[in-house]
Amino acid sequence: MSRTFYVTTPIYYVNDVPHIGHAYTTLAADVLARYKRIRGYEVFFLTGTDEHGQKVEKAANAAGETPLELADRVVKRFQALWEKLDISYSDFIRTTQERHKKGVAHLFADVLAKGDIYLGEYEDWYCTPCETFWPETQLIDGNCPDCNRPTEKLKEESFFFRMSKYQDKLLAHIEANPEFIQPKSRRNEIISFVKEGLRDLSVSRTTFQWGIPVPENGAHIIYVWFDALANYITALGYPEEGENFGKFWPADVHLIGKDILRFHTVYWPTFLLSAGLPLPRKVFAHGWWTVEGQKMSKSLQNVVEPNMLIDRYGVDAVRYFLLREVPFGLDGDFSHSALIQRINSDLANDLGNLLNRSTAMVHKYFAGQVHEPGDLQEIDRTYRSRTEAMVAQVETNMEELAFSKALQNIWEVVSAGNKYIDETAPWALAKDSGQRERLATVMYCLLESQRIVYFLLSAFMPITAARALNYLGWEGAPTETGFAWGALKAGTVVIKAEALFPRIEGEKS
Ligand SMILES: [Zn+2]
């Protein structure tokens with residue numbers, strides 16, 4: 001039976017311009033998807049866009065276009081960025097697609113039939129820009145706690161979901177499944193929130209038109225969360241049990257920013273509980289980026305606009321930096337000087353030089369050909385076992401979405417490789433014709449360790465890893481069996497590597 005893995009990003013709102021936060025979540029999902037694929041999993045990686053709601057309707061009106069025209073225009077920006085960032089998604093769902101609308105209407109009707117949706121009246125403090133009702137206790141000086149703008153008291157007929165009914169069930173699930181909400185600090189936050197008591201949730205609106213109508217009651221539009229969150233199953237073909245839904249649901253992990261944690265760990269699971277569907281295995285909330293030590297603002301966003309970063313530094317350097325610099329789950333700071341430092345030190349010096357030195361020596365001493373290694377000495381065995389330990393450590397860290405630690409594991413072996421060259425001193429061995437086999441063994445260990453390093457790096461830096469594996473004479477993509485030491489065969493011809501990452505000199509940040 002093949003192992004499957006289903007990873008999602010949130011669907012991004014088309015009223016937003018793609019920024020570093022979107023890029024970060026999507027990149028993390030991509031690295032995970034690529035990693036699972038090379039480890040032999042059948043992966044479904046979903047991203048997409050949330051295209052309904054009052055804000056889109058208003059923005060479209062203001063721009064003199066239909067909401068769908070606006071969505072069609074903005075969705076291309078997201079898709080172009082994902083192409084540029086080398087994102088290997090399996091499917092891109094748009095909430096305006098027929099498959100999604102059908103699935104949401106079905107889910108709504110199903111929950112309604114179970115008696116968990118009822119018609120009532122909604123009255124509370126409403127923030128129009130956020131499209132959110134707030135209870136009085138959460139307002140800050142009468143203003144919206146999210147955006148600090150004034151709110152107004154609003155009353156409307158609304159369908160409600162009996163979220164309160166699922167409070168105990170949800171709590172029991174969270175407590176029985178420590179992996180369900182990650183990282184742990186976020187889990188505690190949600191446990192206290194649920195314990196304070198869940199209110200029924202308004203799931204329809206009559207104040208705008210742009211959305212999915214409530215089945216058999218066209219005056220109501222299904223409200224954002226009930227619509228948007230369902231993308232995780234509608235993209236799999238829900239309600240049809242057929243191939244993808246039956247195969248990939250429940251999701252292995254929903255990756256999200258911490259601002260939408262509650263929707264994913266309270267609203268979404270209670271909808272699923274009502275519908276009798278399994279809950280996602282894990283919801284992981286990552287932190288936020290500040291920029292050069294400051295909170296991200298409109299003007300600062302330009303400084304770290306993802307397209308600009310990729311043009312300036314290259315896609316793999318950006319991919320590496322974002323996941324290396326900050327432990328996933330914590331807040332991080334983006335600075336150009338830190339990025340340049342990482343490129344020069346980690347990528348150009350440590351990683352790039354090792355490949356350059358090794359392939360150049362194989363050319364100099366063996367005309368580019370890999371020779372059968374002789375018996376391994378203590379120093380070789382240590383290097384080999386560090387390489388093998390790295391594969392296991394990376395596996396553990398990827399399970400925990402500890403991308404930064406996984407990269408650290410890899411870099412320890414890269415550093416060990418540079419040290420191995422210094423200590424075995426191949427140039428000295430080359431002067432002694434009696435040391436040919438010893439020299440061949442050293443070359444073999446160097447190349448084989450790096451081959452395994454680049455297998456792992458193909459999840460993080462796919463273009464660089466493909467280049468490096470090509471230099472190392474590996475044909476085709478990484479395979480699961482190729483993670484074992486010894487897959488490099490004698491007779492393989494190695495190409496003398498060019499610099500993988502040119503140093504960035506004297507550039508001011
Ligand atoms: Zn607001």
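Here is a short chat about reading cavities and a sheet in a predicted model.

Student: What should I know about the model before I start?

Tutor: It's predicted, so local features need pLDDT of at least 70, side-chain atom pairs count only at pLDDT 80 or more, and totals for chains, interfaces and linings use all residues. Residues are numbered from 1 along each chain as its sequence is written, and side-chain values use heavy atoms, with hydrogens and water left out.

Student: How do I look for empty space, and how many cavities of 30 Å³ or more are there?

Tutor: Rolling a probe the size of a water molecule over the atoms shows where space is left empty. A cavity is a set of points, on a 1 Å grid over the protein atoms alone, where a 1.4 Å probe fits but cannot get out; lining residues have an atom within 4 Å of a point. Points are joined across faces, edges and corners, and the volume is the space filled by probe spheres set on them. Here the count is 2.

Student: What volume does the largest cavity have, and which residues line it?

Tutor: About 40 Å³. Its lining includes D50, H52, W210 and Y223.

Student: And the second largest cavity: what lines it?

Tutor: Its volume is about 30 Å³, and F366, H371 and M443 are among its lining residues. Helix α18 (residues 436-460) gives the largest share, 4 residues. Helices are DSSP runs of H or I, at least four residues; strands are runs of E, at least two.

Student: What is the strand order in the open sheet?

Tutor: Strands pair if DSSP finds at least two bridges between them. The 4 strands run β5-β4-β6-β8, with antiparallel pairing. The edge strands, β5 (132-134) and β8 (201-202), each pair on one side only.

Methods: On a 1 Å grid over the protein atoms alone, a cavity is a set of points where a 1.4 Å probe fits but cannot get out, and a pocket is an open set with protein on both sides within 12 Å along at least five of seven lines; lining residues have an atom within 4 Å of a point.
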